[in-house]
Amino acid sequence: MTAEAAGIGARPLVPREIVSELDRHIVGQAAAKRAVAIALRNRWRRRQVAPELREEIAPKNIIMAGPTGVGKTEIARRLAKLAQAPFLKVEASKFTEVGYVGRDVESIVRDLVEIAVHMVRAEEMEKVADRARAAAEERLLDLLLPPVPPRAGEADAGSRETRERLRLLLREGKLADRTVEVEVRESAVPVIDLIGMTGGAPEGMEGNLQEMLSGLFPKKTRRKRMRVPEALPFLEKEEAGRLVDMERVKRLAVERTEESGIVFLDEIDKIAGRESLSGPDVSRQGVQRDLLPIVEGSSVNTKHGVVRTDFILFIAAGAFHVSKPSDLIPELQGRFPIRVELTSLGKEEFVRILTEPHGALTRQYEAMLAAEGVTLSFDPGAVERIAEMACEVNERTENIGARRLHTVMERLLDELLFTAPDIGGQVVVITRPYVEERLAGIVRDADLSRYIL
Ligand SMILES: Nc1ncnc2c1ncn2[C@@H]1O[C@H](COP(=O)(O)OP(=O)(O)OP(=O)(O)O)[C@@H](O)[C@H]1O
Ligand SMILES: [Mg+2]
């Protein structure tokens, strides 16, 4: 794969670095982080191998087993970000729902390419951003000061000078109140009719049809009056769009999907089961069979081209309370050789989750209240008590993992979040007694916590 398809400036991280990046956002779960780090590095390794052998190397897909709210999705999401890889999350159980039976699993691949196209397009637009900005400036100057054709024998030095003076004013932001008329292009395709027509069409058709027809119908242009600060980014975007070669974007997007796409198959345990010959297990097995070709490798037609799925990395996840990975059909098990277990989280982890990650909840609330001029901070004792209470509620009602922290924190800070605009400028320290006062009653009452926390 070309460096371009791999993502701009993507320096291949070694497993140790991948884990330490993940550590910045996710507490604990070392085994899972290790497994995904190896899987990611393996892709780079595979690319270094000579082509004939490379074709033989299939990605080692992963099953993450663990209770709800312990970081499965979060790990996969962060990994995709690190890898600058197209990432799609789908619920495997969706394919068994009424109305979804027979929903083609190929839509997974189509959606993934679509994500890759957006990604690559954004990168390509970024690359031409300077040129687009310059071109937009020229167009805006043309609109502000329509160029006059130079009369015979007369130098247009004067008008050029005016233009440069105007350019300076524009750059200094002094033309913010001026307005210009910009031509806005609109597609004249009758959208409403299309929706009706393709009601029963297979997924992906609407897009194709829409694209086809928009080529047939003339583009309608309309003049729209805009203020300069609006017009500049508008023209910039238009120019960037013109400078980006969409054929190239599509080609790179397909390549990137094939070589570095990551599909997160959530709730895989809900489709496990193969013993019985009737009832829901039959449809579950059906979904597994449907998934098989994509996971094993096949070619899928998308509107951006044919995509081979052989090297897409699949990360499956599930609680596996009732079923086990061994309840999956053998072919699927074989395609998911890496198994990792995530552990349920306790008080110590909660304390760390509340304070350590870059986007930890306590920091989020501190930042949000700073917007109101309130300086919020949490005593270590308070954080500890919050973690303790979250654990307690998880034990007594239902264990929803770290998600419990969200409900507990929101309840704890409810009063402050309401009154913050009126008490601007104050310093508020959340102490252990404050936590006690606000939450102890609710935590003690299991029924009450079921509703509130
Ligand atoms: N180990 C962790 N470290 C930091 N934050 C975590 C951790 N585990 C969970 N969280 C936070 O809890 C929330 C839910 O986590 P996540 O979506 O990863 O759960 P999950 O394991 O995928 O659960 P489910 O099985 O229900 O999908 C997220 O906001 C996430 O940031
Ligand atoms: Mg999840």
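Trainee: Between which domains does ligand 1 lie, and why?

Mentor: This is a predicted model, where local features need pLDDT of at least 70, side-chain atom pairs count only at pLDDT 80 or more, and totals for chains, interfaces and linings use all residues. Residues are numbered from 1 along each chain as written, and chains are lettered from A and ligands numbered from 1 in the order written. Domain bounds come from an automatic or database domain assignment. Two domains both give residues to the shell, so ligand 1 lies between domain 1 (11-119 + 256-341) and domain 3 (347-452).

Trainee: Which residues come nearest to ligand 1?

Mentor: A residue is near if its C-beta atom, placed from the backbone, lies within 6 Å of the molecule. The shell has 18 residues, and those that come nearest are Gly71, Lys72, Thr73, Glu74 and Ala402.

Trainee: Which helix gives the most to that shell?

Mentor: Helices are DSSP runs of H or I, at least four residues, numbered from the N terminus. With three residues, the top contributor is helix α5 (residues 72-83).

Trainee: At what angle do α7 and α8 pack?

Mentor: Axes are lines fitted to C-alpha atoms over the stretch in contact, and angles run from 0 to 180 degrees between N-to-C directions. For α7 (residues 129-144) and α8 (residues 157-171), the axes are 11 Å apart and the angle is about 115 degrees.

Trainee: Which residues of α7 and α8 make the contact?

Mentor: Contact requires C-beta atoms, placed from the backbone, within 7 Å. From α8 come Arg163, Leu166, Arg167 and Leu170. From α7 come Glu137, Leu140, Leu141 and Leu144.

How values were computed:
Helices (H or I, at least four residues) and strands (E, at least two) are DSSP runs, numbered from the N terminus. Two residues are in contact if their C-beta atoms, placed from the backbone, lie within 7 Å.
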